Amino acid sequence: MKRWTRPLALVLAAVTLVACSGQRPGAAPAGESPSDSSGPKAGGKLVYALSADANGLNPVTDQFAAQSYSMVTTIIEPLVSMDAEGAWKPYLAESLTPNDTYDEWAIKVRDGISFHDGISLTGDIVKANLEAQKASPLNTAVFQPLDSIELTDPMTVTVKLKQPWVAFPYYLAAQVGMIVPPSSLADPQAASLKPVGTGPFVFKEYVPDSRMVVTKNPRYWRSGLPYLDEIEFRILPDSQTRAQTLEAGGVDAMGTTRDEDIVKYGEQKDAYAVYRTQGMPAPEYTFMLNTAVPPLDDVRVRRALAHATDRDAVVSTLRGGLTEPADGPWTKDSKWYSDQGAYPAFDLAKATALVKEVEAEKGPVEFEVISTPDPNTMQGVELVQDMWRKAGIDVTIKQADQPDLINRAVIGNYHATVWTAFSSSDPDGEYIWLHQAYAQPVGKVSLNFTRLKDEQLSKALDIGRVSPDEAARKQAYATVQERLREQVPYVFLDHLTTGAIIAKTKVRGIDEQVLPDGEKRLPLTGAPIPYHPFSGVWISTQ
């Protein structure tokens, strides 16, 4: 099994690259979930194609990406989940209750839940999991605000923080909140290959780089679930191969980021349903800039790049018109969106003037952009390269495989790179990627990859983290957007809503998942290809 180097493990769970797709003839709306008046049916096997293998199946020790969550969350469940509006809701936890100052959170565990090995879920097991996550190099930065974790009664854990943290439960919906039994904590290597959890499915088989198979948990704590008897995940890295296998009947569903798949299968509503990422879970496609190295340490150069980038042309050329141009990390339909501060609009004359101003002082403006060798990604990079050259900027492209590219971003060995980010359900999820406290010098591991140190931006992130008042948080994140537009550590291109799941119409329930209290669950999340729960997925015989 492949293993990332330690710096990569710190970051791959939260940010990842994505391959752009090429020019397409037109757009089609996303498909709607097919209906079946007879309701969900138990039984059947689902064969599901993933774009990559997991890098290990242990949430404490292995980096998770979208494909990891797809496989592992069938077996291992988190303390918290998300409702359809993106708000956190208890899951394995019965409740999460803050004190008046939000620097303590009491996590009460649901009664009557057992792991697949027969061990009952209790407060001390949750405490041990959170302590293991806090000690893990994967999540030491995320859990930096944690002071102590105490067992206050057999089913309640109190997390004490060094500061108020109003968005803390959102983090427990992801990898750091996934709970494994004591046996997995004691033998993390075994847990990486044969996971055990409380989930709707039980581990059966795993062949690295090939497939993983899970079977129905007959003692699942949610009555009536799951519907499926078995799920087989197949690893098919090539997007065209995945699509061909779906059409040939070799798989029942697949993930994609290609607009041509959305258009093609969206037009075949009798045969396929298309489910697309929307809202906060949809990432933003950007060029990430290293503000600690010349010439990108000069904000005039960064603003020139933004002015020279025709985002509308990117959307029409690379996405078939399926996405919207981005001017910041959040979409205009998000409650966190603000138009405070103007993102540099496409204006080649302004871009050229800024470049000439810098050249008069410092000489030619030239740098290197890193890209993965994927042809679709390269098409997008070359398109923007041409835009920037028209402004007088000499840009060369260097290809690197994804692990090497990310490693270079982590240690600052780059000028600019294509990047996707900003898919957290709450803006606080971007804290460690943007705050100056996480910006380290070039050559050192830095979670703030742009290495931008901006007092106003960081202060606003602090206010958003500690304030329980939503109005104050909205104003704080308006300032975040304003500073990003002014300082341009990222050249924003579009909101990447082409992340999608495409399934045959017999596959039902992907967008109809519910939480334990009956509320509708967030159907899709993650980037670039989304993932979703499987407990409510079923196969129709109609």
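## Exercises on helix H16, a pocket and the cores

**Exercise 1.** Leaving aside neighbours within four places in sequence, which residues is Gln487 in contact with? Is Gln487 buried or exposed?

*Solution.*
- Leave out the neighbours within four places in sequence; Gln487 is then in contact with Val299, Arg302, Leu452 and Asp454.
- This is a predicted model.
- Place the residue: Gln487 belongs to helix H16.
- Apply the cut-off: buried means under 20% relative accessible area. Gln487 has 15% relative accessibility, so it counts as buried.

**Exercise 2.** Which residues of H16 are buried, and what covers them?

*Solution.*
- Start with the span. H16 has 18 residues and reaches 25 Å from first C-alpha to last. That is close to the 26 Å expected at 1.5 Å a residue.
- List the buried residues: Arg473, Ala476, Tyr477, Ala478, Thr479, Val480, Gln481, Arg483, Leu484, Arg485 and Gln487.
- Find the cover. It includes H9, helix H14 (431-434) and helix H15 (455-466).
- Look past the end of the helix. Val488 follows H16 and has a positive phi, near 50 degrees.

**Exercise 3.** Where does Thr317 lie, and how is its exposure classed?

*Solution.*
- Thr317 sits in helix H10 (residues 311-318).
- Its relative accessible area is 22%, so Thr317 is partly exposed.
- Now compare positions. Thr317 and Ala478 are 161 residues apart along the chain, and their C-alpha atoms are separated by 30 Å.

**Exercise 4.** What lines the second largest pocket?

*Solution.*
- Take the volume: about 750 Å³ of space lies in this pocket.
- Count the lining: 33 residues. Glu85, Gly86, Ala87, Met280 and Ser425 lie nearest the centre.
- Assign elements. Strand E12 (272-276) and helix H16 (470-487) are the ones that give two or more residues to the lining.
- Sort by chemistry: 15 nonpolar, eight polar and ten charged.

**Exercise 5.** Which members of the largest nonpolar core touch the most other members? Which residues does Trp388 touch, not counting residues up to four places away in sequence?

*Solution.*
- The core has 97 residues; Leu79, Leu130 and Trp388 touch the most other members.
- Helix H9 (residues 299-308) gives the most to this core, with five residues.
- Skip residues up to four places away in sequence. Trp388 then touches Phe287, Leu305, Ala308, Thr309, Phe367, Val369, Ile393, Val395 and Val491.
- Apart from the largest core lies another, of 36 residues. Among them are Ala66, Met212, Val214 and Ile529.

Terms used
Residues are numbered from 1 along each chain as its sequence is written. This is a predicted model: local features need pLDDT of at least 70, side-chain atom pairs count only at pLDDT 80 or more; totals for chains, interfaces and linings use all residues. Side-chain values use heavy atoms; hydrogens and water are left out. On a 1 Å grid over the protein atoms alone, a cavity is a set of points where a 1.4 Å probe fits but cannot get out, and a pocket is an open set with protein on both sides within 12 Å along at least five of seven lines; lining residues have an atom within 4 Å of a point. Grid points are joined across faces, edges and corners, and a volume is the space filled by probe spheres set on the points. Helices (H or I, at least four residues) and strands (E, at least two) are DSSP runs, numbered from the N terminus. Ala, Val, Leu, Ile, Met, Phe, Trp, Tyr, Cys and Pro count as nonpolar, Asp, Glu, Lys and Arg as charged, and the others, Gly among them, as polar. A nonpolar core is a set of buried Ala, Val, Leu, Ile, Met, Phe, Trp, Tyr and Cys residues joined through side-chain atoms within 4.5 Å. Buried means under 20% relative accessible area, exposed over 50%, partly exposed in between (1.4 Å probe, protein chains only). Contact means heavy atoms within 4.5 Å. The expected span of a helix is 1.5 Å times one less than its number of residues.
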